Amino acid sequence: AETHYHEFVIEARPVKRLCRTHSSILVNGQFPGPTLEVRDGDTLVIKAVNRARYNISLHWHGIRQLRNPWADGPEYVTQCPIPPGGTYTYRFTIQDQEGTLWWHAHSRWLRATVYGALIIYPKLGSAYPFPMPKKEVPILLGEWWDRNPMDVLQQALFTGAAPNVSDAYTINAQPGDLYRCSSKETTKFLVEAGETILLRIINSALNQELFYAVANHKLTVFAVDASYVKPFATNFIMIAPGQTTDVLITADQKPGHYYMAAHAYNSANAPFDNTTTTAILEYTSCSAKKGQSMKPIFPWLPGFNDTGSATAFTSQLRSPSKVEVPTEIDESLFFTVGLGLINCRNPNSPRCQGPNGTRFAASINNVSFVFPRRNSLMQAYYQGQPGVFTTDFPPVPPIQFDYTGNVSRGLWQPVKATKLFKLKFGSTVQIVFQDTSIVTVENHPMHLHGYEFYVIGSGFGNFDPRNDPAKFNLVDPPRRNTIGTPPGGWVAIRFKADNPGIWLLHCHIDTHLPWGLAMALLVENGVGKLQAVQAPPLDLPRC
Ligand code: C2O
Ligand code: CU
């Protein structure tokens, strides 16, 4: 195995998109940020140098970080952020993972521009479970604001209103030719007629589930979130923020120019960015004829609120063969996820621009997560510092109600707190996430740090503990690190708590995260915490 050393210099740089230039926070001046390429078993050493004017931390989304929470990255959870002028070196080893993951800032909305692909190839001597493709390309779907995204967030947090929606989606940081001043820079992918290429698709957008398709070309899905699935062919994919989907595509159409495109999948009853981003798949035999511009063919994409198509896609995801899903469950958790509104003390204050004298909030089991400031959870835990968090997170919601809407406004107001849930190391866990439909139905993509889990079932309406478990797939469910809770529905996951530490569990929609749609699991080794996790690195930032 190899060790790969990188330096990530985080710094503001001018970026021109949609006819205007903004100062954006980038890594090594690249947008998207650098692609990390490793093999399973390799070690990554990344020195993060913060030359920006914001606190920042970096997260390696989907890397398990076994016994090494110090390298995970979410600010105030496993580390204090790196202050302006500071540095921190992330050091971690890939253990039994391969496929497409990614990395991103885990501080406020900085991941709008601070993100990149993290590709794990099979160990030397082992190969993909299919013939080697001719080419591989990362496809990073993103979101762009015609403003500084940190200002968009700040304005929302200050006024308590919903933040402005984005002005464009992007493919590899370019909006593409349907947007103003963008056609010259539209991303192009060259293919030779007949060859098969691998697309590593990553949804790095802040707030939007997306539909993605390539005109006239079938996509053969073979992996999600760096876990293989039974291959299947499809005309489009649906991908939630945080997720990855690997597909093979064969250039078997009439040589020409074909658009790949992505737009929102949005079933919420709220404003959203309804624009479309494009890139071009170009057959090399056609690029020769310069000057003649060929009009690319446009793909079919499901409509914005086409929940049927989204569900039809996700229900096809299966592990390639029988997997070991925990069957005896030690901890059965029921987590309601959804929005809420907090009544303002003074409804006329400028900080109270939510609907009817309120501010927006979001919660799990009615607890709206507050990130600590004095210390990170993991550092406070390790040093035995009291008063930073409590461990009384409720395993079920305080009140059970009908989650399909129309509940009394009294249930809309979450309680702010920093609560963790304790899991015994080695225990088997089931979590059912239930969308509360409060304020609006929403697809909440739930991401668990430090773990991969099996997605054993999902459905619409209220989860029925008597009848739904009979329908769970305990044979070949897909393994993921991020799963969308269906709008107005539920999803069930299982995993074994085999990684000690404190691990954030949160909605990967960056509007919902600062509103509190998060909690953390504290997985403790009975032997005692000092033996359970590695010692913290000496340069770990302090708050
Ligand atoms: Cu992709 Cu908590 O993050
Ligand atoms: Cu959410």
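In the predicted model, Tyr212 touches Leu141, Ile201, Phe236, Ile237, Ile239 and Ala262, when residues up to four places away in sequence are left aside. Several of these names recur in the largest nonpolar core, which comprises 91 residues. Within that core, Leu141, Ile201, Leu210, Phe211, Tyr212 and Ile237 touch the most other members. Strand 18, spanning residues 257-265, provides the largest share of the core, seven residues. The core is also shared between domains, with at least three residues drawn from each of domain 1 (1-126) and domain 2 (130-319). A second core, separate from the one around Tyr212, holds 62 residues, including Leu420, Phe453, Ala492 and Leu521. As a general background to both cores, nonpolar side chains tend to be buried together in soluble globular proteins.

The confidence of the prediction was examined next. The mean pLDDT of the protein is 95, and 98% of the residues reach 70 or more. For the complex, the predictor gives an ipTM of 0.98 together with a pTM of 0.97.

The chain is divided into three parts: domain 1 covers residues 1-126, domain 2 covers 130-319 and domain 3 covers 331-532. Taken over C-alpha atoms, the centres of domain 1 and domain 2 are separated by 22 Å. The contact between domain 1 and domain 2 takes 27 residues from the former and 29 residues from the latter. On the side of domain 1 that touches domain 2, at least two residues are supplied by each of strand 2 (20-27), strand 7 (99-105) and strand 8 (115-121). Of these elements, strand 7 gives the largest share of that side, five residues. By residue class, the side of domain 1 that touches domain 2 divides into 14 nonpolar, eight polar and five charged residues.

Record annotation was then set beside the model. An unreviewed UniProt entry carries the annotation "domain: Plastocyanin-like" for residues 12-123, 136-284 and 392-525. Over residues 136-284, the chain is 8% helix and 48% strand, and the C-alpha atoms at the ends of this segment are 16 Å apart. Over residues 392-525, the corresponding content is 3% helix and 43% strand, with the end C-alpha atoms 18 Å apart.

Local backbone geometry was considered last. The peptide bond from Phe31 to Pro32 is cis, with omega near -5°. Pro32 is placed in the loop between strand 2 and strand 3 (36-39); strand 2 is also one of the elements that supply the side of domain 1 touching domain 2. Two residues that are not glycine have a positive phi: Tyr76, at about 70°, and Ser437, at about 60°. Tyr76 lies in the loop between strand 5 (58-61) and strand 6 (87-93). This tyrosine, Tyr76, is buried, because 26 other C-beta atoms lie within 10 Å and the threshold for burial is 20 or more. Ser437 is found in the loop between strand 25 (428-435) and strand 26 (444-448). The same threshold of 20 or more applies to Ser437, which therefore counts as buried with 22 C-beta neighbours inside 10 Å.

Terms used: Residues are numbered from 1 along each chain as its sequence is written. Chains are lettered from A and ligands numbered from 1 in the order in which they are written. This is a predicted model: local features need pLDDT of at least 70, side-chain atom pairs count only at pLDDT 80 or more; totals for chains, interfaces and linings use all residues. Domain bounds come from an automatic or database domain assignment. Two residues are in contact if their C-beta atoms, placed from the backbone, lie within 7 Å. Helices (H or I, at least four residues) and strands (E, at least two) are DSSP runs, numbered from the N terminus. Ala, Val, Leu, Ile, Met, Phe, Trp, Tyr, Cys and Pro count as nonpolar, Asp, Glu, Lys and Arg as charged, and the others, Gly among them, as polar. UniProt positions are given in the numbering used here, feature names are shortened, and annotations may be inferred rather than shown by experiment. pLDDT is the predictor's confidence in each residue, from 0 to 100. A nonpolar core is a set of buried Ala, Val, Leu, Ile, Met, Phe, Trp, Tyr and Cys residues joined through C-beta atoms within 7 Å. A residue is buried if 20 or more other C-beta atoms lie within 10 Å of its own, exposed if 12 or fewer, and partly exposed in between; C-beta atoms are placed from the backbone.
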